[in-house]
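Work through the exercises below with the sequence and the model open beside you. Try each task before you read its solution.

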Amino acid sequence: MLGQPGNQPNSEMTRFGIGSAVALTALVGLVNLWSAVTPSLPQRVDWLRQFMPFEVRAEAHLFAALSGFFLLMLSAQLLRRKRLAWWLTVGLLVVSILSHLVKGLDYEEGLLSLVLLLQLLWLRPIFTAQSDRPSIIRGLRALLGAMLFILAYGTLGFWLLDTHYATPFSLPEAIGQTLAMFFTFDNWGLQPTTRFGHYFADSLYMISTVTLLYAAWMLFRPVIFRGAASESERQRAQSIVEAHGGSSLARFALLDDKSYYFSLSGQSVIAYVPKGRGAVALGDPIGPESDRAEAILGFREFCDRNDWHPAFYQTLPDGLEVYQSLGFRTLKIGEEATVDLHQFTLEGKAGRNLRTAMNKFTKQGYRLQYDAPPISDDLLAELRVISDAWLAHMEGAEKKFSLGWFDHDYLRDCEIAVVEDIHGIPIAFANLVPEYQRNEATIDLMRHLPDVERGAMDFLLTSLLQHCKEQHYDGFNLGLVIFSGVGDTPAAPRLEKGVHYLYDHLNQFYNVQGLRAYKDKFHPHWESRYFVYSRLADLPDVVVALVRADSGDRLQDYFGAQFLSTALTSVLKRLSHVVPILLSIGLFALSIWAITSEVRKYPPQSILNGIAAIPPWALALSVVLMVLNYGFLTGYDALAARFVRHPLPYGQTALVAVISYAISNSVGLALLSGSAIRYRFYAKWGLTPGKIGQIIAFCNLSFWIGLFAVGGIVFALEPLSVPGILHLPFDTVQPLGGLFLVLTMAYLILSSVSQRSLKIKGWVLPHLPLPLSLAQIVVTSGDWALAAAVLYVLLPAHPDLNYFIFFGSYLLAQIAGIISNVPGGLGVFETVLILLISPPIPSDQLLGALLVYRGIYYFLPLLLGVVLLAFHEIQQRRHVD
């Protein structure tokens, strides 16, 4: 019944009640906004004038608008059944009703708010979802702290900077101005007279907006799980798992990353991991079959109270009807392989390949050593070396949730099989976990040294199967193959067909089809596994929660190492075939178009006269400086090769650097040009995709570090005026120089103090030793200085433009070109440079010098790069033929 919504939070009547309340809340918000900006009826206003002054009625309009805005924001939180949102909405509706009456006796709008208020009071038991209490406290503290900060910031600013405004401020007036700008939409007649005055006023609005958004986000966050399960909960869960566990996931339900929900009867346990708005349970509830429905319902209500979406990962097919009868949706996600040990044999044609591997390694002196728990610390230390080497070779990280990971406490209680070579040195291992009430063994970790002989893992796994058969196990579980067998029938649901599409196209990254083929060698029985969730709208949240749980919140490792390196490899392989051809055809057309556009702005003769006025020695010196500049550019790749500890002859790194920079400097899209060329060359010279990616990242980082270093010095010592076209909040580049110097010093301090990479969200700043960091800055600073000198020697001499002043202008113009994202900064670089140094240099002469500079610095290297690339490709084809 709707009158008892807490008992049936997912009934049709309850969903209708929530939906109608949310829709009505949004409607009231829109009505309030419309009513606030439209005048009330004149007759009602005339009557109100006798009791309410204009200021009170005007403020009522403001409060009506504010309540409308916040009601629109709160409607989304009411849909999540947030208790705090319910309280705030009730309070705002009271304010809304009073505002409508005070501003113009608008009882129609007030009645609409009253209807919504009564409905929300009736539906109060439905709104049970909690917000995260520590986040609420932090949000309120942030709001209070920000208000105090803004009050101090604004008061001191208006009081001390009164020369930037039309009217000077006393201290009380500065306080009033700050409060007016924070709490109202009116700037209280503020009239800035300078650009900095506008910037300071805008900064108050910006801080206020960010503060309110942050506070709202913190107030309505779902409950965040902050603590591990207690020891008593783990012991209680272990007793239930040992009594009722009967799947390959049972042992993983007891690992340290799990939290536990116990059914009302106390007979069943659900092991889950909460992440964001999703709470993902591992497998089905563990307990008596008769208690399963009650456990699922209780877990759903528990998640509703915490503003989580419930989901179940890798459920068995025999329990699907229970989930579906309770309103859940199911999605097949893969198949699990189990070998029937009663039928397993190495005899005959079916076991020929496995028999060959066994005989080969047995004859070579390899043997399999079985260690029963408890495992010694000495053996675990040896296995840790194998595990770390395997993870490094796979360029990945430990997975969790539905798998175990290399943890001493976990592995110490497992049976472990270790492959030893003829010298008795461990080279591979695997651990077995129990399934408790099912007479079946499950394999978990299976790792080896990178240089292990081919077929060693077949030897390990086949030996394990024979061992478990001798121990009278009925079956051997090989684990899940994700996406396998999903959506491959015409009758499959549309969503499963979409998963099948992923299965086909992600195989090049994860080799899931190869994993299926490998397990098929052991002739297993395949059984479907499912993902159970509440609603289609919840699927993105629970999938993200699953990925976070599986990766241990290391999303950069989950997607970065395995997926991105493979994806980048595949993309760059394709690009490396087409980029040289596209560049040779399209680059000249783009360059000719850009140059023609610039030339049309001035009389041709004046530009030609400017070009003719450049002395021959200046042209020759410019070419020499360009050659020296490219000599410094070769240092990028030489240092990068040292960084990845894969030294190459200087001639090879120089060839790659010259070709890649000659092309990428003109195109401006380094990922589509320089990176693809680096991949093509370095892959042929034996570097792995991971190391090539590190080289590309090193070169990109070097570019910016060099810019920060030289830009910081030049901008700090020579504070150029900033052109208005850039719309920066300061008049000179001196603050920018200070920022650049701080970043450079922080980078050097990090290099000298830290011994590991710095990770910020998904970005990783690699650790470089201090000598390598200093060499990096020297090389890149020389690159920037010589690039500017190439253009400087082409300009006519002028006493008001020395090289240092020009260098600052050049850097600022290059920054503008980079920010614009236009290939090569075409047009943007020239425009900013003309604004900065014309005068003293006449525009036509400057444009002539810029055209020559484009030819020397961009097009000559481009021609050389294309010729070198074509020559190298021809040589490679001849070598292949």
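**Exercise 1. Place Phe483 and describe its backbone and its surroundings.**

Solution. Begin with the location: Phe483 lies in the loop that runs between β10 and α16 (494-505), where helices (H or I, at least four residues) and strands (E, at least two) are DSSP runs numbered from the N terminus. Residue numbers start from 1 along each chain as its sequence is written. The model is a predicted one, in which local features need pLDDT of at least 70, side-chain atom pairs count only at pLDDT 80 or more, and totals for chains, interfaces and linings use all residues, while side-chain values use heavy atoms, with hydrogens and water left out.

Next, take the backbone: the phi of Phe483 is near 70°, which is a positive value in a residue other than glycine. Most residues other than glycine have a negative phi, and most peptide bonds are trans. Finally, consider accessibility: Phe483 has a relative accessible area of 19% and is therefore buried (buried means under 20% relative accessible area, exposed over 50%, and partly exposed in between, with a 1.4 Å probe and protein chains only).

**Exercise 2. Find two further backbone features in loops, one at His523 and one at Pro374.**

Solution. His523 belongs to the loop between α18 (512-520) and β11 (525-533), and although His523 is not a glycine, its phi is positive, at about 55°. Pro374 sits in the loop between β6 (367-371) and α13 (377-394), and the peptide bond that joins Pro373 to Pro374 is cis, with omega about 0°.

**Exercise 3. Describe how α22 packs against α27.**

Solution. Two packed helices are described by the angle between their axes and the distance between the axes. For α22 (residues 616-643) and α27 (residues 770-792), the angle is about 160° and the axes are 8 Å apart; here axes are lines fitted to C-alpha atoms, for helices over the stretch in contact, and angles run from 0 to 180 degrees between N-to-C directions. The two helices α22 and α27 are therefore roughly antiparallel (angles under 35 degrees count as roughly parallel, over 145 as roughly antiparallel, 65 to 115 as roughly perpendicular and the rest as oblique).

Now turn to the handedness: α22 passes α27 in a left-handed crossing, a term that applies if the near helix is turned anticlockwise from the far one by less than a right angle, with right-handed used if clockwise. The contact (heavy atoms within 4.5 Å) involves residues of α22 including Leu625, Phe632 and Tyr636, and residues of α27 including Val779, Gly782 and Leu786. By class, the residues of this contact of α22 with α27 are 16 nonpolar, six polar and two charged (Ala, Val, Leu, Ile, Met, Phe, Trp, Tyr, Cys and Pro count as nonpolar, Asp, Glu, Lys and Arg as charged, and the others, Gly among them, as polar).

**Exercise 4. Repeat the analysis for α4 and α5.**

Solution. Helix α4 (residues 83-104) packs on helix α5 (residues 107-122) at an angle of about 160°, with the axes 8 Å apart. That angle makes α4 roughly antiparallel to α5, and α4 passes α5 in a left-handed crossing. Among the residues that make the contact are Trp86, Val90 and Ile97 of α4, together with Tyr107, Leu114 and Leu121 of α5. The contact of α4 with α5 has twelve nonpolar, five polar and one charged residues.

**Exercise 5. Which residues of α24 are buried, and what follows the helix?**

Solution. The buried residues of α24 are Gly674, Ser675, Ala676, Ile677, Arg678, Tyr679, Arg680, Phe681 and Tyr682. Because nine of the eleven residues of α24 (residues 674-684) are buried, this helix is largely enclosed by the rest of the structure. Just after α24 comes Gly686, with a positive phi of about 95°.

**Exercise 6. Is Ser809 buried or exposed, and which residues does Ser809 touch?**

Solution. Ser809 is part of helix α28 (residues 803-820), and with 1% relative accessibility Ser809 counts as buried. When neighbours within four places in sequence are left aside, Ser809 is in contact with Leu720, Leu833, Leu836 and Ile837.
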